[in-house]
2 protein chains.
Amino acid sequence: EESKKFNSQQPLTPPENFAPIIRTIYRSSFPQPNNFTFLKKLKLKSVLCLIPEEYPQLHQDFLKHENIKLFQLGMSGNKEPFVKISSDLITEAVKIVLNPENQPILIHCNRGKHRTGCLVGVLRRLQKWSLAIIFDEYRKFAAPKERPMDQQFIELYDEKAIIRYAEENNLLPLKWD
Amino acid sequence: EESKKFNSQQPLTPPENFAPIIRTIYRSSFPQPNNFTFLKKLKLKSVLCLIPEEYPQLHQDFLKHENIKLFQLGMSGNKEPFVKISSDLITEAVKIVLNPENQPILIHCNRGKHRTGCLVGVLRRLQKWSLAIIFDEYRKFAAPKERPMDQQFIELYDEKAIIRYAEENNLLPLKWD
């Protein structure tokens, strides 16, 4: 009978490229309405969207209903030769993500590959991960569209300002437990 | 000065294919001694190793020193046509992983691709994820050595026994928070 209860549930559909980054910080592609049931289980306090287009009304309604705060930082991706991810916007994004009041938080862009991948790479740098492993994680999620420019962005990002901010606000190190 | 402190730290090297699965359940390839500093940060209660070979003495010493319990279930991978992952061993593995007393727990095999991927796939089925997303996650970590047999194993695994066990012991649903 218990097994019947289990089997009667509909399958859950996480968004493509969904994964936990650390404890209560998650990443994904742009959620679709059929992902909302899954997202509810994460008990999110906020969502950080990294694309400039207006958030769809259906999604705004969902967030409002679930009492989830929306942060939106409209970024352009690293498309050579003239469009570059803004280092300042990534810093703003990190401030939002590190704030415990905003967690659990879901970070997403469109595909969950490039802009999200750059932000996650910077978070891993703040965890002091070696670049080899940071790039390996980046490529897992960006495949088959890995961008050398994104990996270079992660490597060259100047973390001094965010480190100072994080240490003043006691936000680092990020805890696994 | 605080930034100097940050910069003076050595980079951390997580094992290849390291990732959180959910909260306090992690996956990776076979950890190397240069990963031990990173692993300490996870405050593991246990490690579940899925390969049959004897655990190296250096690793045993590390686990003992850190007070981490070792579980070992020697599995053969899905190598066609005659070698198959044992469904019973996967069930035993799930029992170990779901037990809150063993968490935080790290699951690993050799590459963190196939045996670990099958176990993670079964855990995702217990979370009621759709197969499409389960396979997508499997392939991220198994690339470029994805095995159709592994994905078929995940799909055909009979979860009745483990569901009954989990419900009797109040181990499901797996919580994100």
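Select Met149(B) to begin, in this predicted model; Met149(B) belongs to helix H7 of chain B, which runs over residues 148-156, where helices (H or I, at least four residues) and strands (E, at least two) are DSSP runs numbered from the N terminus. With a relative accessibility of 14%, Met149(B) counts as buried, a word used here for under 20% relative accessible area, with exposed for over 50% and partly exposed for what lies in between (1.4 Å probe, protein chains only). If you then pick His108(B) and draw a C-alpha to C-alpha distance, Met149(B) and His108(B) are 19 Å apart in space and 41 residues apart in sequence.

Residues are numbered from 1 along each chain as its sequence is written, while chains are lettered from A and ligands numbered from 1 in the order in which they are written. Because the model is predicted, local features need pLDDT of at least 70 and side-chain atom pairs count only at pLDDT 80 or more, though totals for chains, interfaces and linings use all residues, and side-chain values use heavy atoms, with hydrogens and water left out.

**Glu137(B) and Arg124(B)**

Move next to Glu137(B), in helix H6 of chain B (residues 131-142), which counts as buried at 11% relative accessibility. Show the side chains of Glu137(B) and Arg124(B), and you will find them joined by a polar contact of 2.8 Å; a polar contact is a pair of N or O atoms within 3.5 Å, where within protein one must be able to donate a hydrogen and the other to accept it, and residues adjacent in sequence count only if both atoms are side-chain atoms. Which residues does Glu137(B) touch, not counting those up to four places away in sequence? They are Val120(B), Arg124(B) and Trp129(B), with contact meaning heavy atoms within 4.5 Å.

Keep Arg124(B) selected and add Trp129(B), since Arg124(B) lies over the face of Trp129(B), at 4.1 Å from the ring centre; a charge sits over a ring if NZ of Lys or CZ of Arg is within 6 Å of the ring centre and within 35 degrees of the ring normal. In chain A, the charged end of Arg27(A) sits over the ring of Phe141(A), at 3.8 Å from its centre.

**The aromatic cluster**

Trp129(B) also leads to the next stop, as one aromatic cluster is formed by Phe18(A), Tyr26(A), Phe38(A), Trp129(B) and Trp176(B). Rings of Phe, Tyr and Trp (its six-membered ring) pair if their centres lie within 6.5 Å, and planes under 30 degrees apart count as stacked, over 60 as edge-to-face and the rest as tilted. Over all chains, the count by this rule comes to 20 aromatic pairs. Phe18(A) and Phe38(A) make an edge-to-face pair, 4.9 Å centre to centre with 80 degrees between the planes. This pair links distant parts of the chain, with Phe18(A) in the loop between helix H1 (2-8) and strand E1 (19-22) of chain A and Phe38(A), 20 residues apart from it, in helix H2 (residues 36-41). Both Phe18(A) and Phe38(A) are buried.

Now add Trp176(B): the ring centres of Phe18(A) and Trp176(B) are 5.5 Å apart and the planes stand at 85 degrees, so this pair is edge-to-face. It crosses between chains, from the loop between H1 and E1 of chain A to the segment after helix H8 (160-168) of chain B. Phe18(A) is buried at 8% relative accessibility, and Trp176(B) is buried with a relative accessible area of 4%.

**Leu48(B)**

Select Leu48(B) in strand E3 of chain B (residues 46-49), which counts as buried at 0% relative accessibility. Leaving aside neighbours within four places in sequence, the contacts of Leu48(B) include Phe71(B), Leu73(B), Ile96(B), Ile107(B) and His108(B). Leu48(B) and Leu73(B) are 25 residues apart in sequence, and their C-alpha atoms are 7.5 Å apart in space.

**Whole chain and pair**

Zoom out to chain A, which has eight helices and five strands and follows the pattern α-β-β-α-β-α-β-α-β-α-α-α-α along the sequence. Buried residues make up 56% of its 177 residues.

Finally, display both chains: a turn of 180 degrees and a shift of 0.0 Å along the axis lay chain B on chain A with an RMSD of 0.0 Å, superposed by least squares on the C-alpha atoms of residues with pLDDT of at least 70 in both. That is the relation of a two-fold axis. In chain B, the C-alpha nearest the axis is that of Arg23(B), 2.5 Å from it.
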